[in-house]
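Trainee: Before we look at the model, could you walk me through how its descriptive labels are earned, setting each value against its criterion?

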Amino acid sequence: MNVFSIYLGHVHDALNALVKEGAIPAGLDFSRVVVEPPKDETHGDLATNAAMVLAKDAKQKPRDIAEKLAAKLKSAPHVAKADVAGPGFINLALENGFWLEVLRAAIGAGKDFGRSGLGKGEKVNVEYVSANPTGPMHVGHGRGAVFGDALANLLSFAGYAVTREYYINDAGAQVDVLARSAFLRYREALGDDIGAIPEGLYPGDYLVPVGKALAEKYGRTLLQKPDGDWLPLVRQTAIDMMMDMIREDLAALEIRHEVFFSERSLTSGGKDKVAETIEFLRKAGHIYEGRLPPPKGAPVEDWEDREQTLFSATAFGDDVDRPLMKSDGTYTYFAADMAYHRDKIERGFRTLIDVWGADHGGYVKRMNAAVGALGAGKVALDVKLCQLVRLMRAGEPVKMSKRAGEFITLREVVDEVGVDPVRFMMLFRKNDAQLDFDLAKVIEQSRDNPVFYVQYAHARGRSVFRNAKEAMPDLSTDASALSAADLTVLSDEAELALVKKLAQWPRLVEAAAEFHEPHRVAFYLYDLASTFHSLWNKGKDAPHLRFIMEDNPKFTMARLSLVSGLVGVLASGLAILGVRAAEEMR
RNA sequence: GGCCCCGUAGCUCAGCGGAUUAGAGCAGCAGCCUUCUAAGCUGUUGGUCGCAGGUUCGAUUCCUGCCGGGGUCGCCA
């Protein structure tokens with residue numbers, strides 16, 4: 001039940017009535033007309049820009065249209081007030097009774113309140129994390145992981161059929177470096193003194209178990225083999241173990257992908273999806289042999305001007321055309337990525353979302369160009385970049401050096417502060433803004449900590465029910481009793497403010513889903529929690545506003561209904577964020 | 001140098017895809033709180049929305065150019 005879309009309907013009805021009367025011309029485009037909460041709450045409950053948007057085409061002054069429209073809207077259902085304001089806004093106030101019915105509907109819908117059919121079951125692919133399987137994930141990966149996961153939850157709640165996907169970069173030179181690094185650890189496990197790890201190999205301790213596993217599996221047999229023979233074996237073992245580790249780290253964050261797509265699988269097993277993709281694009285006229293100008297201004301030491309296979313990315317908005325083959329004859333990462341995205345399209349997705357770290361920003365245009373070419377304009381790609389995370393402790397940056405052992409892994413952070421603070425704080429910021437993550441602050445149990453503040457609101461709401469049961473054992477507080485409660489006693493401003501805030505939830509879900517912005521959910525929940533806490537505090541001075549009134553079951557039931565609505569929205573909002581809705585705070 | 005992101009109150013950040021008087025938290029200031037509903041509460045001072053143009057009846061929001069911060073720049077992924 002989205003109040004705003006309901007009233008958008010009433011505005012349309014009123015406009016059509018005006019057309020019928022000849023008060024405004026027929027054939028106007030209503031698509032830009034919106035009904036939204038006014039910026040300033042004192043203006044009313046709803047505001048519409050209809051008069052201003054239509055003024056030009058109607059060839060009338062905005063305020064003239066607004067007057068006529070407001071007069072019509074006065075007789076729309078449950079409208080208590082319709083005023084014209086400013087340049088031509090119409091501010092509507094609705095009867096309290098209407099808002100209370102929204103609350104009743106919300107309670108009736110339970111966990112499904114706010115669930116939307118916006119997505120119409122359309123398939124959406126969300127690719128996120130996709131960290132290289134060459135080591136543990138760092139905190140930056142964690143942000144993309146949480147963002148992607150929450151976005152997937154959100155889209156699912158908004159009616160899309162979401163697939164959560166991880167692209168394993170198991171084909172390039174980096175996994176060969178991984179294999180060589182693991183081989184060293186293998187020799188170490190067999191008793192060799194390997195000394196310092198050479199420059200260019202991965203020095204981290206996390207490869208020690210890989211070495212041991214290799215030693216157990218292969219004994220000394222790999223030592224005699226030439227590189228070309230042992231490398232694929234070692235590589236696969238190392239990748240598998242790294243992916244197991246990454247999966248465990250993700251599981252610790254309560255993230256589970258449905259599809260793990262291997263880059264190597266594109267060209268293994270006798271097929272070559274990359275070649276097919278290039279052929280596909282060649283037939284479409286987007287591939288040519290040619291030379292590239294060297295990058296302007298950027299010094300490229302070993303620039304080699306050569307003729308190569310290029311994708312006409314510029315035809316799709318990119319700055320330069322992009323090479324598909326390296327000088328050694330293997331495919332570029334981009335070529336494989338195109339094949340991968342083509343595969344997604346072939347699987348029926350028409351909306352693709354890629355979640356990347358900010359360091360991949362330079363890659364966005366070419367991927368958009370690729371999907372433009374591969375999807376023939378019928379497939380939408382939205383690349384969401386997550387900016388860097390700065391790890392802090394009590395206001396001081398945590399020092400991290402790239403040398404092994406001196407950087408803090410995502411897992412360490414999760415183990416130290418817990419899943420909830422990590423997930424909430426990663427989402428309590430727009431994805432494209434940099435983020436300071438303070439290990440000390442996020443576990444503080446105070447109003448200053450948004451994680452606590454929101455979880456606390458939920459726990460507080462639940463405690464009202466526990467206390468009610470104790471204080472008034474005869475009171476039935478099940479769902480049907482709550483739905484049947486007489487809500488008219490909820491007449492205080494602070495109570496109605498909470499009801500109205502709850503009523504915004506369905507609209508917020510749709511907007512957040514539409515723009516792929518899960519942070520809006522986090523901010524909304526914070527706001528909602530704040531509204532609730534403030535009502536609670538009011539009860540301190542004003543006993544008649546307390547939730548439990550032992551001598552007054554009627555008031556108590558109404559307030560329990562309100563709390564029930566609140567708890568429901570907090571719970572489903574937190575579920576989207578993947579944050580636990582606590583029964584009580586400890 | 002090219003491209004991308006960011007620039008909003010002293011600090012950290014929102015701002016619903018152009019509109020009514022630009023918001024929140026912290027800090028600051030002023031009160032209340034010797035009490036119970038749960039980790040205090042209430043009120044309040046702060047802003048030429050980086051700068052300059054442009055589009056528009058209307059721009060923090062869209063466009064262009066600067067300035068400042070970050071990222072990135074074939075054969076890494």
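Mentor: Let us start with a cut-off: a residue is called buried under 20% relative accessible area, exposed over 50%, and partly exposed in between. Bear in mind throughout that this is a predicted model.

Trainee: With that cut-off in hand, why does Asn-368 count as partly exposed?

Mentor: Asn-368 has a relative accessibility of 32%, and since partly exposed is the class between 20% and 50%, the label follows. Asn-368 belongs to helix 12, residues 364-374, and its C-alpha atom is separated by 27 Å from that of Val-521, which is 153 residues apart from it along the chain.

Trainee: Why is His-286 called buried?

Mentor: The relative accessibility of His-286 is 17%, and the limit for buried is under 20%, so His-286 counts as buried. His-286 sits in the loop between helix 10 (273-283) and strand 8 (287-290). Leaving aside neighbours within four places in sequence, its contacts are Leu-281, Leu-310, Phe-311, Ser-312, Phe-316 and Ala-373.

Trainee: What makes Leu-560 buried?

Mentor: Its relative accessible area is 0%, and buried requires under 20%, so Leu-560 meets the criterion. Leu-560 lies in helix 20 and, with neighbours within four places in sequence left aside, is in contact with Val-464, Phe-465, Ala-468, Leu-475, Thr-477 and Leu-482. Leu-184, by contrast, is 376 residues apart from Leu-560 in sequence and 64 Å apart in space, C-alpha to C-alpha.

Trainee: What makes helix 20 mostly covered?

Mentor: Of the 25 residues of helix 20, 21 are buried, each being under 20% relative accessible area. From its first C-alpha to its last, helix 20 reaches 35 Å, close to the 36 Å expected at 1.5 Å a residue. Just after helix 20, Gly-578 takes a positive phi of about 80°.

Trainee: Why is helix 5 described as largely enclosed by the rest of the structure?

Mentor: The description rests on a count, because 16 of the 19 residues of helix 5 are buried. Helix 5 runs over residues 139-157 and reaches 27 Å from its first C-alpha to its last, close to the 27 Å expected for it. Just after helix 5, Gly-159 has a positive phi of about 95°.

Trainee: How do you know that helix 15 and helix 20 are in contact, and which residues make the contact?

Mentor: Contact means heavy atoms within 4.5 Å, and on the side of helix 15 this criterion is met by Val-454, Ala-457, His-458, Gly-461, Arg-462, Val-464, Phe-465 and Ala-468. Helix 20 contributes Leu-560, Val-563, Ser-564, Leu-566, Val-567, Leu-570, Ala-571 and Leu-574. By class, this contact has 12 nonpolar, three polar and one charged residue. Helix 15 (residues 450-471) packs against helix 20 at an angle of about 140°, with the axes 9 Å apart, and the crossing is left-handed.

Trainee: At what angle do helix 17 and helix 20 pack, and what makes the contact?

Mentor: Helix 17 (residues 493-503) and helix 20 (residues 553-577) pack at about 35°, with their axes 10 Å apart, and this crossing is also left-handed. Glu-495, Leu-498, Val-499 and Leu-502 of helix 17 meet Arg-559, Leu-562, Gly-565, Leu-566 and Val-569 of helix 20. These residues divide into six nonpolar, one polar and two charged, with Gly counted as polar.

Trainee: How do the residues joining helix 13 and helix 14 divide by class?

Mentor: The axes of helix 13 (residues 410-417) and helix 14 (residues 419-427) are 6 Å apart, at an angle of about 115°. Val-413, Val-414 and Val-417 of helix 13 are in contact with Val-419, Pro-421 and Val-422 of helix 14, and by class there are six nonpolar, no polar and no charged residues, Val and Pro both counting as nonpolar.

Trainee: Finally, what share of the residues of chain A counts as buried?

Mentor: Of its 586 residues, 51% count as buried, again by the limit of under 20%. Chain A has 20 helices and 15 strands, and its C-alpha trace spans about 85 × 65 × 40 Å along the principal axes.

Technical notes: Residues numbered from 1 in each chain as written. Chains lettered and ligands numbered in written order. Predicted model: local features only at pLDDT ≥ 70, side-chain atom pairs only at ≥ 80, totals over all residues. Heavy atoms only, no water. Axes fitted to C-alpha atoms, helices over the stretch in contact; angles between N-to-C directions. Helix = DSSP H or I, 4+ residues; strand = E, 2+ residues; numbered from the N terminus. Left-handed = near helix turned anticlockwise from the far one by under 90°. Expected span 1.5 Å × (residues − 1). Buried < 20%, exposed > 50% of the residue type's maximum accessible area, 1.4 Å probe, protein only.
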